[in-house]
Structure formats: structure tokens, C-alpha cells
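Here are a few exercises to work through with the model open in your viewer. Try each task before you read its solution.

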Amino acid sequence: MSKMSKMSVLLARPIVLDVLSKGHTIELLYKDLYIQEDLMTNPDNYIDADKYDLLLERAASISKDPFFGFHLGAEFSLDNLGLIGYILLNSNTLHQAFKNYQRYNILLCSGVVYDLQVIDGEARFSFWVGDSSRKTTYHLMDSILSSTYKFIQKLTGDPIKLRMVSFIQNTPLDIQPYASFFGAKLVFNQKETALIFDANLLDLPLVYRNQQLLQIVENHAIQMMRALKMEHTFSEVVSVAIIKSFDGTIPRIQDIARSLGYSVRSIQLQLKKENTTFKDLLTVIRKNMAESYLKNPSFSISDISYALGFSDPVSFHLAFKKWTGQTPGDYRKQYN
């Protein structure tokens with residue numbers, strides 16, 4: 001059975017704040033959705049995609065705004081994307097930023113698929129809901145469309161000229177808000193939702209690019225993605241907490257329990273139900289992080305050893321060989 005699609009609280013919070021800013025109450029917005037406010041205050045949390053969609057639709061209804069999703073996306077900032085925002089900001093070119101958006105999207109929303117195609121000098125950045133059980137709404141599509149174009153403007157420092165914007169929805173009675181914002185030809189009732197522009201624009205250098213910082217945040221994102229792809233939800237939560245707490249020392253279960261609001265005993269029992277232990281998760285994460293860092297020649301084996309909490313490179317050497325059957329040096333030679 002496939003896992004239910006999830007949406008990051010980072011994407012849901014702007015909906016809540018918009019409704020509150022218009023004088024409405026959280027109780028009205030959350031009615032019958034069984035969403036706990038403390039869940040929504042932690043940017044590391046996720047909510048089920050169906051609840052996110054209902055939240056978006058209800059906010060649009062409460063606000064009496066037929067363009068709620070579009071307006072929401074147009075007001076988004078890269079800060080709303082957390083770690084992905086930093087990755088996009090520090091990418092070298094617009095093309096790299098789009099590819100990174102595709103690659104790390106699962107950290108924001110599972111179930112939404114992004115694709116970048118370049119054909120005959122034309123670039124098409126499209127997206128769709130890949131979860132067949134999830135209803136596609138125009139507010140969701142609009143919010144992604146407008147936020148993506150807003151991000152492009154921020155990254156390049158200049159609003160690029162679009163050739164066309166494709167919508168899957170029927171032509172609305174009023175297209176002026178779209179026309180003013182995108183400044184391009186609008187086509188409705190299409191098979192895909194997409195931004196279409198000159199492919200040469202993909203080579204544009206980004207204003208805030210920083211390759212060194214990009215490597216750091218990408219490594220962090222890779223570890224988080226690996227944790228999110230674990231089979232069990234509670235293991236996923238604990239794994240993400242472990243990854244985030246790495247600071248050159250080995251995270252302790254007491255500290256992870258405190259950060260998640262659980263007792264040590266509760267974590268142990270929950271993980272036991274999933275046929276794993278805190279030690280097992282820690283081992284898998286350290287192995288995955290080691291493999292990721294070794295693929296990057298700018299990180300010395302000595303630095304990797306200490307970053308992963310080993311007392312010296314010899315200890316790391318022995319542990320890595322036990323994990324993989326290879327020495328760190330031999331593993332690195334395969335990728336460099």
C-alpha cells in the first residue's frame with residue numbers, strides 16, 4: 001500500500017496567516033479538519049495532502065477570493081520554502097535551480113510531480129498531481145504557478161519574459177489578474193499546467209549563487225530525503241530529527257526524545273513496533289551521510305570522520321568498511 005501524500009507545514013502556514021490577517025478565526029478555518037495548532041507551529045512537520053487541499057479550498061471560500069491560490073503563490077517568498085529555498089537561492093543558474101526544485105520537492109510535498117523539458121529552443125516547466133487519489137484543484141495549481149514565477153523573479157533579479165502559461169482549468173470569467181502578473185499568452189483547458197519560455201533563459205546566472213553553501217545545504221537535503229523515504233512514519237520522524245541534530249557529536253536518544261516531545265521509553269517502544277531501534281537508525285544515517293560526503297572531493301576523509309562523530313579517522317575507516325565492505329578511500333575512487 002502506498003503512503004499518503006504529505007504537504008510541509010511550511011506551505012500550509014501562509015494559508016493560515018492570510019486568513020488570520022483578514023480578521024477570520026483559526027476555529028473557522030480548521031473546523032472538522034482535526035488539525036492541531038501545535039502541529040502547525042513546527043516547520044518540520046507535515047500534514048496529509050487531503051487536509052492541505054481542504055485547508056486551501058476553505059481559505060478561498062472564507063476569503064471570498066476566486067483567485068486565492070493565485071494570490072497566495074504571488075506573495076510567497078523563498079523563506080517559505082525552508083531548506084529548499086536556500087538550495088534554489090544558491091544554485092548557479094536558472095536551469096540548476098529548476099532541476100534542484102524537481103529533485104528536492106519531496107521535502108515540501110509528496111504527490112506533486114515537476115518536470116522540465118527543453119524542445120526546439122523552448123523550455124516547459126510543468127507540474128501535476130501524481131497521486132491518483134488526490135483531487136486536482138485550480139487553487140493548488142494556481143498557487144504553484146504564481147509562486148514559481150515569483151521565485152524566478154527573485155533568483156534572477158529580473159522578471160523573465162514568458163512565452164506562454166498553460167492552465168488545465170477552464171477559462172475563468174476574468175483573466176486580468178493572470179495577464180497582469182505573467183505578462184504572457186494564457187491558454188486554458190490544457191492537458192498540463194506549465195510555464196513556457198525561451199530555453200536560453202535557463203543559462204541565466206542567479207543573483208545570490210554560492211557554490212560552497214549550495215554543497216552544504218544539498219548534503220543536508222539529501223540526508224533528509226533519505227530519511228523521508230523510510231517505510232515507517234515514526235522512523236521517518238526520528239531519522240529526520242537525528243540528521244538535524246548532527247553537529248560533530250553523535251546524537252543521543254535522550255536529546256532526540258526531548259526535541260520531539262517524547263520520553264526515551266516511548267521512542268524505544270514505538271521503534272520496536274517497527275522492528276528497528278534508535279541505534280539501527282543512527283547507523284543507517286551515518287552510513288548514508290558518509291557515502292554522500294565521500295562523493296564530494298572537497299571534504300577530506302578526516303573532516304568527514306569528525307563530522308560524523310568518530311573520535312579519529314581510523315575509527316571511521318573501520319566502521320565504514322564494516323558497513324560497506326570497502327575502505328572510505330576505495331569508495332571515493334569510484335566517484336572521483
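**Exercise 1. A threonine in a loop**

Which backbone atom of aspartate 330 lies 3.1 Å from a polar atom of the side chain of threonine 327? Work out the setting of threonine 327 too.

Solution. Keep in mind that this is a predicted model.
- Start with the place: threonine 327 sits in the loop between helix 16 (313-324) and helix 17 (328-333).
- Now the polar partner: the backbone nitrogen of aspartate 330 is the atom at 3.1 Å from the threonine 327 side chain.
- Next, the burial: the cut-off for buried is under 20% relative accessible area, and threonine 327 has 16%, so it counts as buried.
- Finally, the contacts: setting aside neighbours within four places in sequence, threonine 327 is in contact with His317, Phe320 and Lys321.

**Exercise 2. Another threonine, this time in a helix**

Find which backbone oxygens the side chain of threonine 156 reaches, then see what else surrounds this residue.

Solution.
- Threonine 156 belongs to helix 8.
- One polar atom of its side chain is 2.8 Å from the backbone oxygen of isoleucine 152.
- The side chain of threonine 156 also reaches the backbone oxygen of aspartate 158, at 2.7 Å.
- Its relative accessible area is 14%, so threonine 156 is buried.
- Not counting residues up to four places away in sequence, threonine 156 touches Leu94, Leu204, Leu206 and Val207.
- For a link across the sequence, look at proline 205: its C-alpha atom is 6.9 Å from that of threonine 156, although the two are 49 residues apart along the chain.

**Exercise 3. Rebuild the sheet**

In what order do the 5 strands of the open sheet lie? Trace the pairings, then add the helices that pack on the sheet.

Solution.
- The order is 3-4-7-5-6, with mixed pairing.
- Strand 3 (112-119) and strand 6 (185-187) are the edges, each pairing on one side only.
- From one strand to the next, the twist averages 15°.
- Begin at strand 3: it runs antiparallel to strand 4 (residues 122-129), and 8 bridges join them. Here glutamine 117 stands opposite arginine 124 of strand 4.
- Go on to strand 7: it pairs with strand 4 over 6 bridges, again in the antiparallel sense. Arginine 124 turns up once more, with isoleucine 196 as its bridge partner in strand 7.
- On to strand 5, joined to strand 7 by 4 bridges and running antiparallel to it. Serine 166 has alanine 194 of strand 7 as its bridge partner.
- Check the burial of strand 7: 5 of its 6 residues are buried, so this strand is largely enclosed by the rest of the structure.
- Now the helices. Helix 7 (residues 94-104) lies across strand 3, strand 4 and strand 7 (193-198), at about 150° to strand 3. Helix 8 (residues 138-156) touches strand 3, strand 4, strand 5 (162-166) and strand 7, and its direction makes about 25° with that of strand 7.

**Exercise 4. Into the core**

How many residues does the largest nonpolar core have? Pick out one well-connected member and list its contacts.

Solution.
- The core has 102 residues.
- Among those with the most contacts inside it are Leu162, Val165 and Phe182.
- Take phenylalanine 182: leaving out residues up to four places away in sequence, it touches Phe70, Leu145, Ser146, Tyr149, Leu162, Val165, Phe167 and Leu195.

**Exercise 5. Check a helix**

Why can helix 14 be called largely enclosed? Test its length as well.

Solution.
- Length: helix 14 (residues 278-294) has 17 residues, which at 1.5 Å a residue should span 24 Å, and its end C-alpha atoms are indeed 24 Å apart.
- Burial: 12 of those 17 residues are buried, so the rest of the structure largely encloses helix 14.
- The buried residues include Phe278, Leu281, Leu282 and Ile285, but also Arg286, Asn288 and Glu291.

Notes
Residues are numbered from 1 along each chain as its sequence is written. This is a predicted model: local features need pLDDT of at least 70, side-chain atom pairs count only at pLDDT 80 or more; totals for chains, interfaces and linings use all residues. Side-chain values use heavy atoms; hydrogens and water are left out. Helices (H or I, at least four residues) and strands (E, at least two) are DSSP runs, numbered from the N terminus. The expected span of a helix is 1.5 Å times one less than its number of residues. Buried means under 20% relative accessible area, exposed over 50%, partly exposed in between (1.4 Å probe, protein chains only). Two strands pair if DSSP finds at least two bridges between them. Axes are lines fitted to C-alpha atoms, for helices over the stretch in contact, and angles run from 0 to 180 degrees between N-to-C directions. Contact means heavy atoms within 4.5 Å. A polar contact is a pair of N or O atoms within 3.5 Å; within protein, one must be able to donate a hydrogen and the other to accept it, and residues adjacent in sequence count only if both atoms are side-chain atoms. A nonpolar core is a set of buried Ala, Val, Leu, Ile, Met, Phe, Trp, Tyr and Cys residues joined through side-chain atoms within 4.5 Å.
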